[in-house]
Amino acid sequence: PKTNIVFLKVHKSASSTVMNVLFRFGEMHNLTFAFPKGGGNQLFYPHHFLARSVQGFSPESPRQFNILCHHMRFLQPEVQKVVPSSAVYFSILRNPVQLMESAFAYYKGTPAFSRARSLEEFLSQPYHYYSPAGRDSHYGRNLMTFDFGFNPNGEVSAKRVQLMLKAIEASFDLLLISEYFDESMVLLKQMLCWDLDSVVSFPLNIRDSSTKSHLSNTVVQKIKDWNRLDWEIYTHFNRTFWERIDRDIGRERMQREVKALRERQAELARTCLQGMGSVAPKDIKDSSLQPLQHGKARILGYNLKQGLDKETERMCRRLVTPELQYSSALYKKQFPQRPP
């Protein structure tokens, strides 16, 4: 199994669920994480990543960590200072249309979105609301482009797009697609030589469907135009994703592997969860399993079954612990002397 990993956690792209997979594997195998200084969940974001923003790193005696997975704006020369050279790099992408709809709800409080009553209104005259130099403006346009370290307001020329795609391909071993999450986990499992249970997960940090907006075709087109760089990244890597499946696994075997993954997930849901699925924030009984509520989004969570034996309870709890709580617990374990 590979144990040195860099995951670029792209916003609003099922990345909290992937992070749970990495947290569980790291905890089970006693691996070290590159945590943001003083705990927290962002590595110098929204500035480009710097090695010195990692707890326990100092240029005099550079220390390397197994897993880097907290939010960052990618900058490979700095990343290479904190992880071994053998590290596997991967990230996850999401259709920019759904990503923008999600970001609008989740980051409603940011200056770019706060004055617009709806996403339609924002897109009808984006520059009335959005200023490239404004605070937190990166949430408002080409968010994936920004997280990968590029300029989200750069011109969209064929040459520039090609350079950006080439740079991403040169840095990353695998790009997952959140719309095909199960297929993505099968590819990840194969690349990391992990077992099935290491990549099984329950969806985390997901919104209640009542806070999701239906988008007209006109709005969909406007989102693609406004986030053209993200659209170019997504369509390119969605294509190479399937090319990779055809080359390395084949569709038939992929179907079998996805089926096995879903069956195992259903089995774990029966074992672990009350009522088999996610519940509204107000219905989460254990406050330590309450996910952070943000913006206009209602983030769902889980209730564990009562009366589980100790070992099962521990396994189940890991699967449903929200990102902030899990990160904080691992931080305390790795730096016991430092209160976060």
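Helices (H or I, at least four residues) are DSSP runs that are numbered from the N terminus. The views below show a predicted model, in which local features need pLDDT of at least 70 and side-chain atom pairs count only at pLDDT 80 or more, whereas totals for chains, interfaces and linings use all residues. Residues are numbered from 1 along each chain as its sequence is written, and side-chain values use heavy atoms, with hydrogens and water left out.

**View 1. A salt bridge within helix α14 joins glutamate 313 and arginine 317**. The side chains of these two residues meet at 3.3 Å, N to O, a salt bridge being a side-chain nitrogen of Lys or Arg within 4 Å of a carboxyl oxygen of Asp or Glu. Because glutamate 313 and arginine 317 are four residues apart in helix α14, about one helical turn separates them. Glutamate 313 is partly exposed, with a relative accessible area of 24%, and arginine 317 is likewise partly exposed, at 26% (buried means under 20% relative accessible area, exposed over 50%, and partly exposed in between, with a 1.4 Å probe and protein chains only).

**View 2. Helix α2 holds a salt bridge between glutamate 78 and lysine 81**. The closest approach given for this pair is 2.6 Å, N to O, and the two residues stand three apart in the helix, which spans residues 76–82. Glutamate 78 is buried, at 14% relative accessible area, while lysine 81 counts as partly exposed, at 40%.

**View 3. Arginine 253 and glutamate 257 pair in helix α13**. Their closest N and O atoms are 3.1 Å apart in this salt bridge, and the residues lie four apart in sequence, about one turn of the helix. Arginine 253 counts as partly exposed, at 29% relative accessibility, whereas glutamate 257, at 18%, counts as buried.

**View 4. Glu27, Arg318 and Lys333 form a network**. These three residues are linked by salt bridges, and by the rule stated above the count of salt bridges comes to 23.

**View 5. Threonine 235 sits in helix α12**. The helix covers residues 228–248, and threonine 235 is partly exposed, with a relative accessible area of 32%. A polar atom of the side chain of threonine 235 lies 3.4 Å from the backbone oxygen of glutamate 232. Threonine 235 and phenylalanine 335 are 100 residues apart in sequence, and their C-alpha atoms are 41 Å apart in space.

Terms used. Polar contact = N/O pair within 3.5 Å; in protein donor to acceptor, adjacent residues only side chain to side chain.
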